[in-house]
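Let's take a friendly walk through this model together. Have the sequence and the 3D view open as you read.

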Amino acid sequence: DKLREVFRTGDIGIRWYDRKANLLHFIYEYEHGVRIYPAPSPPSRGGLKLIQSREPIVVNTVAEYVAQGFTTLAGTDQSRSSVGLPIVGSDRVLGSVVIENYERECAFGEAEIRLLTTVAASMGVALETARLFDETQRLLKETEQRAAELAIINSVQQALAAELNMQGIYDAVGDKVREIFHHADVGIRIFDPQTGVIHFPYVYENGQRISIASGPLPKSGFGAHVLQSRETLVINENMAEETAKY
């Protein structure tokens, strides 16, 4: 928005480059003053040159535009001149800033290039800072998760060391899980393969401890699936559909 204001233009794009997929994502794109949303697409030969050279590319005429291997996006018009600057962070090209002019050739000089270069460099630093912050948050979350896992293990060990009965161990583990997951609904179920009976030694629902009588393991349902498949089952949405499925 600020570049559109400074350059008094309605024709600007900020593109994000996905190196693995070799796709340009058009995260901010205006043409003739109208916001547009082009679909991601592979960079043109000229776009690849911008990425590989890490240098500004100025196109002064339509002939230069074609000669350098640039192509117009589907549904957009051919500009008469343009300038593209790479956004660099972590010693790699993250994307580009492109400004076009549809009215005249040779529209961009040293002053415009100098300003855009400064902006692109600042964007690279800002994006890299954001990436490092996200990475730090991810590592912190992993550390917290490992600490939570160790807390559960320590609770089990403490219960065993205190020679508690099995119910005491279920209570210790269940209480620790509820504490870690902010008093979530928690159930511990124990299956006896010899009798085919499932027991419910620890169940909390809506913050209340409840008792459920032991009974035969149903032939279907979440519990039966987990016990038979020996696989973790995670359901985060569409509970009614998943219930019917199992």
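What follows begins with a strand pairing, moves to one glutamate and ends with the nonpolar cores.

This is a predicted model, in which local features need pLDDT of at least 70, side-chain atom pairs count only at pLDDT 80 or more, and totals for chains, interfaces and linings use all residues. Residues are numbered from 1 along each chain as its sequence is written, and side-chain values use heavy atoms, leaving out hydrogens and water.

Strands here are DSSP runs of E of at least two residues, and helices are runs of H or I of at least four, numbered from the N terminus. Strand 1 and strand 2 pair (DSSP finds at least two bridges between paired strands) in the antiparallel sense, over seven bridges. In their hairpin, which has four residues between the strands, Asn22 takes a positive phi near 55°. Strand 2 also runs antiparallel to strand 3 (residues 34-35), joined by two bridges.

Now find Glu29, in strand 2 (residues 23-31). Glu29 counts as buried because its relative accessibility is 4%, where buried means under 20% relative accessible area, exposed over 50% and partly exposed in between, with a 1.4 Å probe and protein chains only. Gly13 has Glu29 as its bridge partner.

Finally, look at the largest nonpolar core (buried Ala, Val, Leu, Ile, Met, Phe, Trp, Tyr and Cys residues joined through side-chain atoms within 4.5 Å). Of its 16 residues, those touching the most other members include Leu3, Ile12 and Val83. Apart from this core lies another, of nine residues, among them Ala159 and Tyr170.
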